[in-house]
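Student: Could you take me through one part of this structure up close? I'd like to see how a pair of helices can sit against each other.

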Amino acid sequence: MRYSDRMESAIQTIQLTRRYDSLVAVDHLEFSAAAGSIFGLLGPNGAGKSTLIKMLTTLLPPSSGTARVAGYDIVRKPADVRRSIGYVAQMLSADGDLTGYENLLISAKLYGIRGQARESRIGEALEFMSLTEAAEKRVKHYSGGMIRRLEIAQSMLHRPEVLFLDEPTIGLDPVAKRSVWDHIRELREQFGTTILMTTHDMQEADGLCDMVAIMYQGHIVSLGTPVSLKAGAGPEATLNDVFILSTGAAMTDGAAEEGGTFRDVGRTRRTARRLE
Amino acid sequence: MSEELAVRHAAWSDTPQPLALLLQILAVAEADVRKLLHDPMELFTRMLQPVLWLVIFAPVFSRTRAIPTGGLRYLDFMAPGVLAQSVMFGAIFYGVSIIWERDQGVLQKFLVSPAPRVALVAGRALSSTFRAVVQAIVVYVIALWMGVALQFSAWRMAGVLLTVMLGAAIFSTFSLVAACIVKSRERFMGIGQVLTMPLFLASNAIYPLSLMPGWLQVLARINPLSYQVDLLRGLMVRGGYSVLGFGMDAAVLALWLAVLIAIATKLYPRIVI
C-alpha cells in the first residue's frame with residue numbers, strides 16, 4: 001500500500017527555516033502538497049525556492065523546523081526520504097560523457113534495481129521518454145529537450161513517490177517545452193507521482209500545475225489553484241498579474257538566494273546556454 | 001513500518017546491507033571508469049611524467065653516485081619512487097573532477113540517491129585505483145625499456161598492484177577532502193600545485209630517509225607516499241628491500257585511508273551547499 005492511500009499530503013513542512021548568516025532564505029514555512037498533485041512553486045530569484053527544494057531533498061539541513069516528504073521526516077530519516085524521491089536539478093544532472101543508456105544504468109544500480117528488472121526498467125524509461133534511438137549516443141550530443149527527458153527518466157527509474165523538478169523547462173524552445181510538459185503529465189497519470197516543480201514560466205504554472213504557491217522573501221504569499229488565484233486578482237487577470245500583486249516590485253531580480261549569488265547566476269546561465 | 005518499507009522499496013530490501021553497499025560503491029566507480037573508457041586521453045597525458053623522470057632525471061643523477069641507495073643502482077632505486085610519484089600526481093588532482101561535476105549538477109544526483117555517503121566516497125577512491133593500475137603498467141613498460149632490474153614473480157606483481165591502488169585511493173580521497181573544503185576549481189588547482197611538490201620531496205621517492213635532516217625525516221615519516229615507496233622498493237626491483245618493513249608500511253597506509261575516508265564522508269555533502 002502506498003502511503004498516499006493513507007495520507008493526504010506527500011509534502012508537509014513544519015516551521016521550516018533556513019538562514020544564511022543574517023539572511024533568512026526560507027522563513028518558518030508551512031505548506032503541504034497533496035499526494036498525486038502537481039504543485040508549482042513560483043517566485044522571483046532569491047525568493048527561497050531552491051533553498052526549499054534543497055532542504056526537501058535532504059541536500060541541505062534546515063536551520064530549524066522540519067518537513068515530511070513521502071511520510072518521512074527530512075531531518076530524522078534522510079535516507080528513507082532519499083529512497084522515496086526523485087530529483088531533477090536546475091543544472092544538468094545527466095552526465096554528458098556517458099551515453100543515455102549508461103546514465104540510466106548507473107542510476108538503476110545506485111537505486112538497487114537489479115537483474116531482469118533493471119534492463120526492462122531502463123528500456124521502458126527510454127521508450128517512455130522517446131529516447132530509445134538515442135540510447136547509445138553520448139548525452140553531450142543530445143538536444144536540450146532530450147537531456148531534460150533523460151534526466152526525468154533517470155529520476156523516475158525507482159518509481160519515487162515524490163518528484164522534485166527545479167525549473168524543468170528553463171532554456172528550452174517551445175516545442176521541447178511542450179514535449180517535457182506532456183511527459184510530466186503522463187508520469188502523474190501513469191504512476192500517481194506527486195510532483196513539486198519550480199518555474200519562472202507563467203504559462204507552465206497555469207497549464208500544468210494543480211496548485212500554485214508564490215514565494216517571496218522566504219514566505220509563501222499566495223497559494224491556490226491557478227483558477228482561484230486568477231479569480232482573486234480580478235476579472236481577466238492572468239497568473240502574471242497574481243505574481244505581480246503578490247510580490248510587488250519584486251519582479252525584477254531580487255536579492256541573494258544563498259551565499260554565492262554570482263555563482264548561482266553563473267550556473268543558471270551556463271545551464272541555459274548549454275541547453276540551447 | 002519496516003514491512004511497508006520492504007514492499008515499497010523492494011529494490012534494496014532483498015539485499016543484505018554490506019552487499020548493497022558494495023554494489024553502490026561499484027556503481028559509483030563504474031560511472032567514472034566508463035567515462036574514462038569513452039575518452040582515454042587523460043591516461044595518455046599521464047604517461048609523460050614518469051617518462052621524464054626515468055629517461056632524463058635518473059641517468060643524469062645516477063652519475064653523481066652521491067646518494068646511498070643500499071647497494072642498488074640509482075635507476076633501480078628510483079623506479080619505485082617514480083611509480084609512486086606518478087600515481088600520487090594523478091590522484092591528487094582527482095578533486096577537480098568532483099568540483100566540475102558539482103558545477104554541472106551531476107554530483108547532486110548521487111547525493112539524493114539512497115547510496116550512503118561512504119559509498120559515494122569509497123566509489124571515487126575505487127575508480128582512482130583503476131587509473132593507477134594503468135599507470136603502473138606504463139611505468140613498468142618504460143622501466144623495462146630503461147633496463148630497470150624488475151622482478152616479475154606473481155606475488156610481487158600482486159603486491160605492487162595492491163600498493164599502487166592503495167596509494168591512489170589515499171591521495172584521491174585526500175584530494176576529495178580538499179575539494180570539499182575549497183569548493184572552487186581555481187582555488188583547488190592552486191592548492192594542488194602547492195601540495196604535490198612538498199609531498200614528493202618530503203618522501204623517500206628519490207633519496208632515502210637516512211639522507212634527510214631530522215625535521216624532514218619527521219615529515220617524511222608522516223607522509224603516506226614514503227610508505228608506498230618503501231613497499232614498492234621492497235617488491236619491485238632485484239636487491240631492493242623495505243626499510244620500514246612491509247607490515248608497518250601496509251598498516252600505516254591502511255590507517256591513512258580509513259581516516260581520510262571517514263573525513264571525506266563527513267565533508268562530502270557540504271560540497272553542494
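Tutor: Let's look at one helix pair in chain B, and then step back a little.

Keep in mind that this is a predicted model. The pair to find is helix α6 (residues 74-92) of chain B and helix α13 (residues 224-236) of chain B, whose axes lie 8 Å apart. They pack at an angle of about 135 degrees. Angles over 145 would count as roughly antiparallel and 65 to 115 as roughly perpendicular, so α6(B) and α13(B) are oblique to each other. As for handedness, their crossing is right-handed.

Now zoom in on the side chains' owners. From α6(B) come A79(B), P80(B), G81(B), L83(B), A84(B) and M88(B). Across from them, α13(B) brings L225(B), Q228(B), V229(B), L232(B), R233(B) and M236(B). Sort the residues of this contact by type and you get nine nonpolar, two polar and one charged.

Elsewhere in chain B, try S153(B), which sits in the loop between α9 (117-146) and α10 (154-182). S153(B) has 9 C-beta neighbours inside 10 Å, and 12 or fewer means exposed, so that is how S153(B) counts.

Finally, step back to the two chains: 26 residues of chain A are in contact with 27 residues of chain B. On the chain A side, α2 (78-84), β7 (85-88) and α3 (100-110) each supply at least two residues. The largest share, four residues, comes from α3(A). By type, that side of chain A divides into 13 nonpolar, five polar and eight charged residues.

Methods: Residues are numbered from 1 along each chain as its sequence is written. Chains are lettered from A and ligands numbered from 1 in the order in which they are written. This is a predicted model: local features need pLDDT of at least 70, side-chain atom pairs count only at pLDDT 80 or more; totals for chains, interfaces and linings use all residues. Axes are lines fitted to C-alpha atoms, for helices over the stretch in contact, and angles run from 0 to 180 degrees between N-to-C directions. Angles under 35 degrees count as roughly parallel, over 145 as roughly antiparallel, 65 to 115 as roughly perpendicular and the rest as oblique. A crossing is left-handed if the near helix is turned anticlockwise from the far one by less than a right angle, and right-handed if clockwise. Two residues are in contact if their C-beta atoms, placed from the backbone, lie within 7 Å. Ala, Val, Leu, Ile, Met, Phe, Trp, Tyr, Cys and Pro count as nonpolar, Asp, Glu, Lys and Arg as charged, and the others, Gly among them, as polar. A residue is buried if 20 or more other C-beta atoms lie within 10 Å of its own, exposed if 12 or fewer, and partly exposed in between; C-beta atoms are placed from the backbone.
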